[in-house]
Each structure stands twice: as C-alpha cells, then as structure tokens.
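Thanks for coming. I will go through a few local features of one structure, and I will keep it short.

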Amino acid sequence: MIIGAGDELRTVHFYGGSEAPAVLKFSSAYVVSEVGLGNGAGGASHVLAQGAYQFLFGTPQVADGTAYHTLRPGITLAFSNDVLNDADGDGVGGQLEASLGMCPAVGTCFSNATYDPADTDRDGLSDGEELWGVVGNLPDGSDDLPFARWGGWPTKKDIFLEVDWLNSFGSPVPEGMNPFQWMRDHPSWNGTLDAWVDGIRAPFDQAPAAHVRNPSGTQGVEVHLDLGVAPLDPSDESKYGNWSTGAARGVEPDFVLKLKKPIAGYAVMLINQSWCVVDATGKTPAVVAFTLALCAATSGEPVVVKTLDFAADGSATLAIGSSVAGLHFNRDFNADGDDWAILAEDAGSLQSAYTEESDQVDAIRRGRVRYAVATGLGGGGNAGAAAFVSGLGSAFAHELGHSVGLQHWGHDLWGNLAAACLPHYPSIMSYVQGPEFNAEDSGDSFGFNPASVVEYDSLAYPFDQTQLKSSPWSYSSPRGKVGIDWTRDGLLDLGSPAWRTTGLLADDQSCASMSVGRVNLAANEPVVGPLDLVRHGSRLYLIWSVGDALKYMRASLGAAGNKSCTGSSDPGVGPCLTWVGPTTLEASGEFKGVTAQSYGGILYVASSSLAGAMTVYRYSIDGTGGLIAIGSKPLPSSEPYYLTQDVPELVVRHSTATSSARLGLIYRDDNDKFASFGRVDATGTWNYEGTLRDGAGAEIFGGKAPAAKAWPDESVTGWTTLEKRTLAILPGAAGEVRVYSLRPDTNRWIDLNLEASLGTTTDKPFLEFRTRRTTTGSPDLQQFSGHFVIGWLSPGDDGARARFRLSRFVTRSTPPSAGDQPALSLLPAGDFLQNTWATTLSGTSAVLYSDSTLDNVFGAVPIKLPDANSGWNGINFYPHADGSPNHAFRVYSDFRVMEDYICINLASARPGGFNCGSANPFSVRD
C-alpha cells in the first residue's frame, strides 16, 4: 500500500466479514493519534493517512452495561484513497481507481463520451457509493447503505432491491408476518428460502460478459435482496439479508371505497372503533365520499385520507391509508344495494410508496436501491421503472426484469409492437415465460413475420423449434427441429408457400396477438349494446348504438395481398385503413345495440327497442360510401315470442330442407327460446319461422343473445347443399357458450358439445371464420379451409373481457360437424382478444368480421378501463385480428437492454438524477 500526502485510509466492508471494521492511526509506536470508529457508512471507518507511523485494523467490542458485546469479526478491506486526485468526483482517487480497474476520468474508459466515469460499471451507483457506501439521514446510522457489505463492487453491475410485503399477505402466511421468515420456517412450500433467492438471481447471473460489459470482464449481474431476514451462513450476505433500515417493512394496504351511483339510505363506514354514518339519500357519490373522508380525517384514528377522486361518470373513489407506516386499522363499509365496491389498492399506489412515503422507504435509498412489494405466494405483478409489485412465484424475476428496462417483447426499440408472445423469444419476460433470459447475441437471425411464414426450417439454427411442441404453444413439429405446423392443419408443408399464421398466439397467455396495431376510433364513446362490423361493397362499416341513436364509420378497403388495407399492412409503418366519421345513421329511437349484414346489394341493420320489439333497416350507399336510408321494417311485436331483451343476429344462412330464406334474423325471445325470422327474397317480407330446435326436435332455450356465421360464405360456388354449414353460438341459461351447427337436410341445430371446454359469457358472444391464406391473401375456395374463432365475454370482478378459442382445422372434406361428421373440436390455442386487464364496456360485446373477398380478419371492441386517460377507452379497431400482422418481429439480447437500463431506470428515481449516458438496446454496440 502506497500512501501519499493528503490520502485517507479507509476500511471497506466485505460480505460475511467484519460488522464494524475500525482503524487506529499511530503517530509513533505507542501513540494513537486518530481513531476511525464507525465514521463511515454502516460502521466502516476512515482516518487521514498523513503523519502515520502504523495502522491497526480490528473489530471493536461495544460496552453493554457492565459487559461487552463483541461485534462480528471477519475480513475487511483497507485502501489508501488519493482523494485529492479525484478527477471524476466520485470520492475515489485516480490512482486507487486505476489499481482497482475503475474509470478515473472522462474519456479514459468508454468509447461513448456520454457515459459517466464516476460509475465505472454503469449500474446507477457511483464508484464511491459502491466502495465506501452511503451515509444516511438518520443520526443512528440505521439508514446507511454499506453496499460493499451487501456484495456490491464498482466493476461489476449490481442490482440492490428492497422487498417489502403486504401485512395482509394472505394464506398461509399469518397476518403481519414477514413472508420470507415464513418461507424459511416452511421449506416444504416450494423449497427453501435460499433456493428461492438463488432462483431469482439465476436469470441475471448468466449474463454474458460481452453483453453486460462488466469492467471486471466477468459474466453476470449481481442481484442483492433486502428481505428482512439474515442468511444463516454469513457468506450468503451478498445474496440477501436484513439490511439496515429506518423505515417499516410491512405495508398496510389502503382502504379503497368506490361509490358507483347514488345510494338510497344510509352509508356506514367503520374505521377501528369509529363509525361514520351518512344519510346518502338524494346526495351524489361525490358528496357522500367527501363526507366520509372528512369523518375519517377527524376521527382521531391513525389514518389519513390519501386520495379522493371524482370521475366523469359521476362515481367517486375514496382511499384511506394508515398514518403510521405498517400499522393495521380495521375497516368496513355497508350500504343498501350494490352500487358500491371495496377495491384492492392498485399496483401504482403501492409502488408510489417508493418515491412518496419516507416512513415506508428510506429517502436515501431512492434512486440507489430498487423497491418491490410482495403481495402473495403466487404470481402476477406490475412494474413501473425502479419499483414493482409482485407475488413470489415465477412473476417476481419477470417484474424485476421490467425494472431493468425489459418488456414482454424485449424492448420497444426492437420494433416488436407490444406482441407479448413472440415464439422466438424464449425469455422469462415473454408472457409464455420461457425457462431463462435470452443469453445470446441473436442479431437479425432471429426474425419472425407472422404474415409470411414457411413451415420448413422457418426459425433457423440454433433456435430449438421443438420447444414449440409443448404448452402453451402446442404446435406439432413433424420434422423435429426443422419444421413447425404454423397453419395447424396437421401437415408440414415442405415446399415454398409462405403462410399467414397466428404465430404470435399462445394458449391463454394474454398475448395481444390479435390487437397489434390497435386504433381507438371513437374515444370515450358511450356505446350501448353490441356493435357490428360488416363489409358492404368496397368498404368496411362500423355501426353502433348510443341508446337513442345509431352511428357509423366507414373505411375503403384495399386489395388482396395487402391484407385488404388501403394503407400499410405493416402496423409498424402506418395505419391499415383510413376511417371517415362518425356519422349519425338513425337520429332518434331506442336501440339496445346493432347487428348488420350485407345482402343483395343492400346493407341491413337490425336492432331492438327497450320493449323488445325488433326493427330491420335497409340502406344503400352514395358515391362516397355514405349510407342512405331506403326503408325499415318493424317486425311483429304482439306476442312474447316476437320480442327479445337482447340484440338479434342477422346472418346470411345456407338453405335447408324447410327454408330457402337466405337472410335470417336469429334472436332469444321473451320466453327464453331461440327463434328466427327469414326474409323472403321474392317479396322482401320477413316471416316468423318459429323456434330453433335441436337434433331431438326440442326447442332450444338460452340466456344471452346469439351469434351466427355461414360456412363457406355466399361467394363460394359449386358446393352441394349438404356440404354447407351454418354455425351459431346459442348461449345457455347461465351463459354457457354452446356452439351449434345447422343440419341442412333436417333444419335441426346440432349441439357440437364444446361448452364444457369454453367459458360462460356475460353478453353477446362473437363468431368468425379465419381462412387459411398464403401471402397472396387468396383463400382456397375449393376447400375453404381454416379455423373458426369462437369468442365470448368472460366475467371478471371489474368487468368482462373478450376471449376466444380456435377450432380444429376444417375443410370441405372435413367440415364442421352437423351430426354427419366427427364433432368439431377446439385447438389448444386461444386467448383474450385484447389483454387480460382490458375490460369490455359493460353490456357491449366484441365483434370480428371476415369473408372470402377479404384477406384479413378485422375486429372491434368497446373498452372501458378505470383510467380515463389510458388511451383505451372507447371503440377500439383491430386491423390485424387474424393474428398475422405483416411485420418483422426481431429478437436481440435481453442483457444488452439491461446494460443500459440497470442504470437508467434506477436513476429516474434519484432526486437530482444521475448521469447514465445514452441507451442503445441492440446487439451491436458503440
């Protein structure tokens, strides 16, 4: 050790080593001239080296009454710091930095001049912070950050993470208990606590050195976890521990009350032993919520009103939190009716504790230590920069990945358009949740365009395609690593056709594969009931109800081969269609929703009134595509079997032995039976055809509106009557999604027995046929092969979500069953149409549209989320609802992203910021 004038001598913690490494400075052999005892961060010490004769290092004993307490002895490091030679201002002298392989000054280490030499390894902590630690704000030092003791080092990237937990963590962890202590006490749960820690660290440990560019030249990113539990082996202190802290660990969730509509009668809230009673009759939700908030604030209980929000729909949301971090308070609310709800505190609110609550997270940790709130033993979570909320299952490492800049598709700059299930991205960040982070510098060799996929060797070596055989992909791969049956027709095409596939779709993974390129056409539109999409002539029409009026928008359609887009078939380049409108279609009336069908050069639109009477409207088009009313036909309404409390379904059907009416109107009547009207082409009249009957001749009862689709569509010629099918979803009394096929020789509807594999629907289901197409966009009209998309509105606590499943591959030779073929089955492929959290506006439904004149499937969903500024609320149009956007999805290295965002996302939370330099999350670096 060379000591120069002005240098200081510092002790540095070592994980598992001395708890309080002290240093004594001797001016002669027997004279102590200076003592460094706990004057650094976390018990480290330092003295001025000048004038020293000798130094003595050791771990002191601490007086405890009449006895002495021996602190943990062990290894300590000591450095002479030439602090007067600190060109980059990080607290570490240039000579010491050079000797330790650190960066001493601007321009000496990085080719990119924007990188800060004060942070040699670019992990968001300066070299001095990682070496010496950070002195906190509390006099007793309980919030100090001795990073070296926790395993940090300035030449290898480190992630420090504080993990707090909900006091109401949930079974089987007792109320208020540290779940990590519970995990240690119950290793039979899912292995030991140490095994869980190793599992969280493992995806980061394997980072290739060339990708994360540790100045030490070693691989991996070190993850260090503050769990509130000390390791049994002190040498594991670099992995996890019970770090010094001045803040609470247990998080007491807020009490969140939502008043949806006015309440008739008394509203009663209990906070501990204090009652708040409000006569809510005649008062708005805002007034009631404000009165309850005032009562809570003046109750004398240890609570505080955190938020009071008033929404445009008249609802009000009150959030009451504990005024003492971690302190539980009893809470309850009751009122007549169901126009109120007690909500869970949302993830964003829990994450805000990181930056806003000094009694929950030490201020000194912000922008230096990441933050997580553990919510349960299972999965699920939400991340926002350096803070995240997660269960302790497989999602925890996934959410930690978000905190270092990764998304479900890697990174936005990769150009992957929010597709969460890329088949060539075997990463824990994918919604498919591969076994590990992608540790390869894959470059452009891993590209995938679902609109142009060959089945033979489509994902080239070294990608192991056999992994797509298993759930949730379940693709057959007849030729092992060199072939994937992307079209799911049971065959492997060894020739050269390039298919449009649902290659971004995995079963029940919230892949958003059908919603790539989503456009909000009518923001915050108050849609009432189901809406519809229909092609009429050369245009696509979107028609909906707002209750007392009908509206529509229109867009011209493009040529086959371009996905029927007039714009770009690549959503990364621009929009597919250009929409005109909205325009009022019917200015006054009562409309529960709409159904539409193009037939014989006329656009038919049907709806029902509040009383249940149905009316069919007819429209022609002008030169610009505008709709011109040419008449309407009120259907009979004198009997319950003529009326419906739902919206009917217009469908162009195939003729049967007892009916030649091609255009039909199917509905659920007021006797809860499915029935139909048919249009007689010769006269233009609508005749009541009676109730629909099953294979045994019994009337079919139901509980929701029907959906129907003819296969093949009307443009296909040369097929016999017995070859054609009309399918319908006729939901059961409890909303069961029952799929029926009309047998043309008997006019009987055959239950295909799929309801056991599908869910229940809260509103009108949806049904479409996705034809198999090559990149030219033309279907095979001889076979009309493809898959049915069977969709429904799945119920949830905060609203319904549009879901779907794909049927098996059907052709002219193997049609959908109607009693004369094996029953139609479902593929292990299906998902939420938009996303698991994107709720559909109550009372409405989703819709898909396609036919043989189009080379695409279009979709629309009215979405309603609690956040009015989310950009989702309103009618969302899906231009690539066939699941095959014409876009090249490319995968690079997860670790290249981390190399930038370990610093960037952490620094965003540090008061005053921190210089992390620029970002370039690709394989080729500057």
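Before the cavities, a word on classes: Ala, Val, Leu, Ile, Met, Phe, Trp, Tyr, Cys and Pro count as nonpolar, Asp, Glu, Lys and Arg as charged, and the others, Gly among them, as polar. Please also keep in mind that this is a predicted model.

I will use those classes on the second largest cavity to begin with. About 50 Å³ of space lies in this cavity. Its lining takes in Lys-709, Ala-710, Trp-711 and Asp-713, then Glu-768, Phe-769, Thr-771 and Phe-784, and finally Ser-850, Asp-851 and Ser-852. Sorted by class, that lining has four nonpolar, three polar and four charged residues. Two strands, β37 (707–711) and β41, each supply at least two of the lining residues.

How many cavities of 30 Å³ or more does a search of the whole structure find? The search finds five. The largest cavity has a volume of about 80 Å³. Its lining is made of 14 residues, and those nearest the centre are Trp-486, Thr-487, Arg-500, Arg-770 and His-787. By class, the lining of the largest cavity splits into three nonpolar, six polar and five charged residues. Strand β41, residues 766–771, supplies at least two of them, and so does β42, residues 786–794. So β41 is a strand to look for twice on the screen: it supplies residues to the lining of the largest cavity and to that of the second largest cavity.

Now to a helix pair. Two packed helices are described by the angle between their axes and the distance between the axes. Here the pair is α4, residues 193–205, and α9, residues 395–403; their axes come within 10 Å and cross at roughly 40 degrees. That angle makes α4 oblique to α9. The crossing is right-handed. Which residues meet in this contact of α4 and α9? From α4 there are Trp-196, Ile-200, Pro-203 and Phe-204, and from α9 there are Phe-396, Ala-397, Leu-400 and Gly-401. Seven of the residues in this contact are nonpolar, one is polar and none is charged.

Last, the backbone. Most residues other than glycine have a negative phi, and most peptide bonds are trans. Against that background, there are some places to point out. Ser-171 and Pro-172 are joined by a cis peptide bond, with omega about 5 degrees. Pro-172 sits in the loop between β9 (158–166) and α3 (179–185). The peptide bond from Ser-471 to Pro-472 is also cis, and its omega is near 5 degrees. Pro-472 belongs to the loop between β23 (447–448) and β24 (519–523). Then there is Leu-417, a residue other than glycine with a positive phi, near 55 degrees. Leu-417 is in the loop between α9 and β23.

That is the list; I will take questions now.

Definitions and conventions:
Residues numbered from 1 in each chain as written. Predicted model: local features only at pLDDT ≥ 70, side-chain atom pairs only at ≥ 80, totals over all residues. Heavy atoms only, no water. Axes fitted to C-alpha atoms, helices over the stretch in contact; angles between N-to-C directions. Helix = DSSP H or I, 4+ residues; strand = E, 2+ residues; numbered from the N terminus. Parallel < 35°, antiparallel > 145°, perpendicular 65-115°, else oblique. Left-handed = near helix turned anticlockwise from the far one by under 90°. Contact = heavy atoms within 4.5 Å. 1 Å grid on protein atoms, 1.4 Å probe; cavity = no way out; pocket = protein on both sides within 12 Å on 5 of 7 lines; lining within 4 Å. Points joined across faces, edges and corners; volume = space filled by probe spheres on them.
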